[in-house]
Amino acid sequence: MLVFSEKLKKCVRENGSRVVLALDLSPSVGEKDFKRRLLVKSRRILSEVEEHIVGVKINFQLLLPLGLFDDLRLLIEDVSHYGLPLIMDCKLNDVEHTNEWASRYFFEAGFDALIVNPFVGWKGGLDAVFSVAKDYEKGVILLVYMSHPGAEEGYGQRVVRDEGAVRFQYEVFAEKAKSWGADGVVVGATQPKIIERVFEIVGRKIPIFSPGIGSQGGVIGEAFRAGATYAIVGRSIYQSEDPKRSAKEIKEKINEAMGQF
Ligand code: XMP
């Protein structure tokens with residue numbers, strides 16, 4: 001079994017892509033047959049774009065209605081059939097025993113990596129997630145700076161470290177990604193300067209996953225020039241009239257941008 005980072009690199013080689021699909025479809029609750037339609041549409045979009053992506057990210061829009069060990073299994077099986085790594089965007093953020101069980105369930109269900117929130121800290125918090133991930137040979141990705149404007153209030157605040165030095169919170173989180181042995185960090189594409197700073201800290205060994213391209217205003221060239229490794233893209237693909245064409249175009253734009261530096 002390939003561990004998360006190896007599986008990702010294999011898909012980059014095979015599909016020539018750096019696009020992680022955020023499969024966040026959401027028909028309204030109460031619409032006739034909404035769960036079945038959600039599943040069918042998600043599977044269809046995945047089958048159309050699978051050759052142009054390197055991974056799939058799922059969050060609560062699918063997890064809650066479809067259920068981890070119920071209908072979501074069919075989609076998880078599809079992702080596995082295409083050989084793509086599957087990321088759970090649960091932004092895990094609780095105490096040890098809860099984190100431990102949540103991680104176990106996600107890994108048992110077939111997820112390859114989880115996104116976690118470093119605000120909760122290590123001891124009695126995220127140590128449990130890293131320990132379970134190690135047992136299952138799975139990945140942990142740390143939120144370092146989010147893509148929405150309010151991210152500034154937490155991830156962008158200035159903090160005084162023990163030595164008295166003033167740092168940005170995201171710089172401290174990027175350092176924790178290194179010391180905790182994270183398999184990736186998330187930095188919003190809307191903040192290329194912050195991607196650049198995080199890249200200076202984590203280097204090439206820890207990939208930077210960058211959401212916020214397209215619908216949230218992030219620009220491919222700026223994010224990748226700053227050091228992003230993968231783009232997480234949702235609406236620009238699944239809301240497109242032609243998801244396959246859009247995924248291919250985004251993949252090519254990223255490759256073009258990466259070829260320029
Ligand atoms: P769109 O539709 O904007 O979707 O392309 C982006 C996807 O990424 C998620 N998202 C984030 N996830 N940190 C994360 O871990 C972030 O800063 C962040 N911003 C957006 C969002 O949930 C969606 O799935």
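These questions and answers deal with the ligand shell and the nonpolar core of a predicted model.

Q: What makes the pair formed by the ligand and Asp24 a polar contact?
A: An oxygen atom of the ligand is 2.5 Å from an N or O atom in the Asp24 side chain. The cut-off for such a pair is within 3.5 Å, so this one counts as a polar contact.

Q: Why do Asp89 and Lys91 count as making polar contacts with the ligand?
A: A ligand nitrogen atom is 3.4 Å from a side-chain N or O atom of Asp89. For Lys91, the distance from a ligand nitrogen atom to a side-chain N or O atom is 3.3 Å. Both pairs are within 3.5 Å, so both are polar contacts. The protein covers 91% of the 500 Å² of accessible area that the ligand has on its own.

Q: Which residues come nearest to the ligand, and which strands supply at least two residues of the shell?
A: Of the 17 residues around the ligand, Asp24, Lys57, Ser147, Gly234 and Arg235 come nearest. Strand 3 (86-92) and strand 10 (230-233) each supply at least two shell residues.

Q: How do the shell residues divide into nonpolar, polar and charged?
A: The shell has 8 nonpolar, 4 polar and 5 charged residues.

Q: Why is Leu72 said to touch Phe111?
A: Contact means heavy atoms within 4.5 Å, and Phe111 is listed among the residues that Leu72 touches, so the two have heavy atoms within that cut-off. Leu72 also touches Ile58, Leu62, Leu63, Leu66 and Gly67.

Q: What makes Leu72 a buried residue?
A: Leu72 belongs to the largest nonpolar core, which has 90 residues. A nonpolar core is made of buried residues, so Leu72 has under 20% relative accessible area. Val198 and Phe209 join Leu72 as the residues with the most contacts inside this core. Helix 3 (residues 60-81) gives the most to the core, with 8 residues.

Conventions
Residues numbered from 1 in each chain as written. Predicted model: local features only at pLDDT ≥ 70, side-chain atom pairs only at ≥ 80, totals over all residues. Heavy atoms only, no water. Core = buried A, V, L, I, M, F, W, Y, C linked by side-chain atoms within 4.5 Å. Buried < 20%, exposed > 50% of the residue type's maximum accessible area, 1.4 Å probe, protein only. Helix = DSSP H or I, 4+ residues; strand = E, 2+ residues; numbered from the N terminus. Near = heavy atom within 4 Å. Polar contact = N/O pair within 3.5 Å; in protein donor to acceptor, adjacent residues only side chain to side chain. Areas by Shrake-Rupley, 256 points an atom, 1.4 Å probe, with all protein chains shown as cover. Nonpolar A, V, L, I, M, F, W, Y, C, P; charged D, E, K, R; others polar. Lists of a residue's contacts leave out its neighbours within four places in sequence.
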